Amino acid sequence: MLCATLPPQAGPVDRPWSYDAAQQLVDSAVPAVADFAAVEVSDATVTEQAAISGLPATGLVFRRGAFRAARGAEIPRAYEVGDVSSLPARTPYHASLTDRRPHLVLNLRPQTGWLTRDPVRAPLMRVTGTHSLLVVPLDVAGVVLGVAAFYRTTGSPAFSRADLVTIGQLARGAARLLDGARRRLIENAAGRILQEALLAPQAPPVNAIQGARAHMPPSAAPGAWVDVVPLPSARVALVTGSVRGRGVAAATAMSQLRAAVRALVLLDMSPGEVISRLHRPTATPVGDEADQCLIVVYDPVACRCTVACGGYPAPAPLARPGAADDGAPPPGEPEVAECDVPPGSVLLLSCGTDGAPVRAEGADRVTGLRVLPADDKGECADAESVLDCVLRHADPGSEPVLLAARTRALDADDVATREVSNDPAAVADARAWTDRLLTDWKLEELAFTTTLVVSELVTNAIRYSTGPIRLRLIRDRVLVCEVSDSCSAAPHPRHAAPSDQDGRGLSIVAQLTDAQGTRYTETGKTVWAEQIITPPAA
């Protein structure tokens with residue numbers, strides 16, 4: 001089961017964009033038109049959750065967004081940046097929030113009644129000798145996104161109507177920036193919701209791996225994804241990747257690229273070939289927007305992984321200490337490698353939230369993959385424990401996208417291989433061998449169809465190839481029948497006429513089996529067919 005975590009951005013990020021907008025406002029106003037100034041921003045400009053809540057300004061939390069005092073002035077602060085701030089009722093701050101109008105206090109006296117309702121700001125205004133106050137709402141299209149307060153202290157004249165015009169112009173510019181921050185949060189939230197809907201919450205059942213776990217941090221871009229794809233011959237593909245951009249556009253591009261990767265790996269293309277095709281702008285719906293993609297294909301029969309990683313530009317491979325830098329692929333080409341994987345090892349795939357590969361000490365030369373072997377007793381921490389360990393030791397502020405799974409090897413009793421001579425007389429021997437094997441495997445109900453499939457595939461291999469032929473049967477969740485030969489030409493089903501004596505073999509195989517295909521190898525090809533194994537009745 002693939003457990004992916006995609007929580008919304010519930011709390012403030014390290015430096016919200018709205019804080020920068022608030023800081024620009026106070027920097028423009030102090031000391032030009034005020035001795036000190038403070039800006040409170042709505043949570044709708046700070047967190048995605050508040051931005052999409054649809055609550056009115058009076059129902060949202062406000063936070064201190066920025067503060068600045070004139071040079072040399074020692075002004076105590078009521079709130080630190082990021083702290084939740086109070087806007088008490090029947091004060092100029094709350095009035096400006098509700099009626100969306102500026103409130104000017106020309107002569108602020110210590111005994112002013114509303115100061116008692118703001119016990120945090122009142123003492124500070126008395127200590128600083130504040131005698132004039134101007135509070136301005138930061139609103140766009142009737143939505144209040146913040147409140148700015150400007151203060152003048154002893155030695156400065158009171159605010160005038162001309163100051164109100166100047167500060168109003170500054171406030172309108174800041175409000176537009178806050179609105180941009182809010183819209184960006186809404187766009188990211190929408191993209192994250194779409195991302196969560198598009199990513200499968202559970203991995204399909206496969207025997208090659210167990211306990212697959214994924215970590216998608218709150219800061220992950222909507223274009224990031226992980227995937228587990230069952231492949232023919234009991235293999236499985238593990239994928240991590242990302243797409244540049246944000247919001248719905250990034251999530252949509254991610255879904256297109258993810259679908260393209262799934263389609264290509266299901267065509268039995270090698271990981272390197274898949275990555276190379278993704279580098280062609282016309283090969284996928286998203287063109288050159290792919291940031292990084294890591295594909296790992298694990299074969300539980302050979303206990304071996306084939307790995308390919310690529311990006312725009314392709315990351316440089318990790319070299320071992322002291323090794324010559326001669327293994328780097330040409331620009332734009334994927335990194336490709338193969339490695340043996342002891343049974344029970346944990347495969348850890350990772351990429352950063354911005355699509356950058358995570359480079360960990362001890363990683364193999366392919367970026368983004370680590371193989372954590374089992375100990376001498378064949379034991380290894382489960383995938384969830386590995387993820388927890390990685391996250392605990394991750395660099396501060398770095399939350400990588402992770403996918404971990406423990407590998408399994410198929411039992412030797414579940415795999416049978418036979419070399420077949422390139423002679424038509426060998427077809428009968430292959431059928432007899434298959435029939436005896438299925439009897440031993442207690443799959444007699446599949447014996448008739450499987451022997452017929454073996455007969456057709458072996459006959460084709462003998463007819464069109466000249467080298468050695470290998471027949472292999474795999475008992476997994478499905479029964480796999482493979483015939484490998486030295487001919488690289490792809491078999492094509494024919495539509496035989498009623499009078500034709502041949503040409504019906506592949507059509508018969510397609511009707512008798514649940515899935516069929518061809519996989520190309522360095523020495524030729526492998527034609528395979530699968531039949532679902534029905535579990536015995538309880």
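**Exercise 1. One helix and its cover**

Identify the buried residues of helix 8 (residues 383-392) in this predicted model, and work out how they are arranged around the helix axis.

*Solution.* The residues of helix 8 that count as buried are Ala383, Val386 and Leu387. Seen down the axis of the helix, these buried residues fall within an arc of 100°, and therefore they line one face of helix 8. As a last step, look for what lies over them: the cover includes strand 7 (209-215), strand 13 (346-351), strand 14 (369-372) and strand 15 (401-407).

**Exercise 2. The nonpolar cores**

Determine which residues of the largest nonpolar core touch the most other members, and which helix gives the most to this core.

*Solution.* The largest nonpolar core has 49 residues, and those that touch the most other members are Trp225, Leu238, Val261, Leu278, Ile295 and Val296. Helix 6 (residues 247-266) gives the most to this core, with seven residues. Taking Val261 as the example, and leaving aside its neighbours within four places in sequence, one finds it in contact with Trp225, Val239, Leu278, Cys293 and Ile295. There is also a second, separate core of 29 residues, with Val427, Ile462, Val509 and Ile533 among them. As a general background, nonpolar side chains in soluble globular proteins tend to be buried together.

**Exercise 3. Salt bridges between buried residues**

For the pairs Arg64 with Glu40 and Asp268 with Arg235, establish which parts of the chain are linked, and decide whether each partner is buried or exposed.

*Solution.* The structure holds 21 salt bridges. In the pair of Arg64 and Glu40, the closest N and O atoms are 2.9 Å apart. Arg64 belongs to strand 2 (residues 62-69) and Glu40 to strand 1 (residues 36-42), so that the bridge links distant parts of the chain, 24 residues apart. Because the limit for buried is under 20% relative accessible area, Arg64 at 3% counts as buried, and Glu40, also at 3%, counts as buried.

The side chains of Asp268 and Arg235 meet at 2.5 Å, N to O. Asp268 is in the loop between helix 6 and helix 7 (271-278), whereas Arg235 is in the loop between strand 8 (225-230) and strand 9 (236-243), with their places 33 residues apart in the chain. With a relative accessible area of 10%, Asp268 is buried, and Arg235 is buried at 12%. Both residues belong to a network of salt bridges that links Arg235, Asp268, Arg472, Glu482 and Arg519.

Note on methods: Residues numbered from 1 in each chain as written. Predicted model: local features only at pLDDT ≥ 70, side-chain atom pairs only at ≥ 80, totals over all residues. Heavy atoms only, no water. Buried < 20%, exposed > 50% of the residue type's maximum accessible area, 1.4 Å probe, protein only. Helix = DSSP H or I, 4+ residues; strand = E, 2+ residues; numbered from the N terminus. Arc of directions from axis to C-beta. Contact = heavy atoms within 4.5 Å. Core = buried A, V, L, I, M, F, W, Y, C linked by side-chain atoms within 4.5 Å. Salt bridge = Lys/Arg side-chain N within 4 Å of Asp/Glu carboxyl O.
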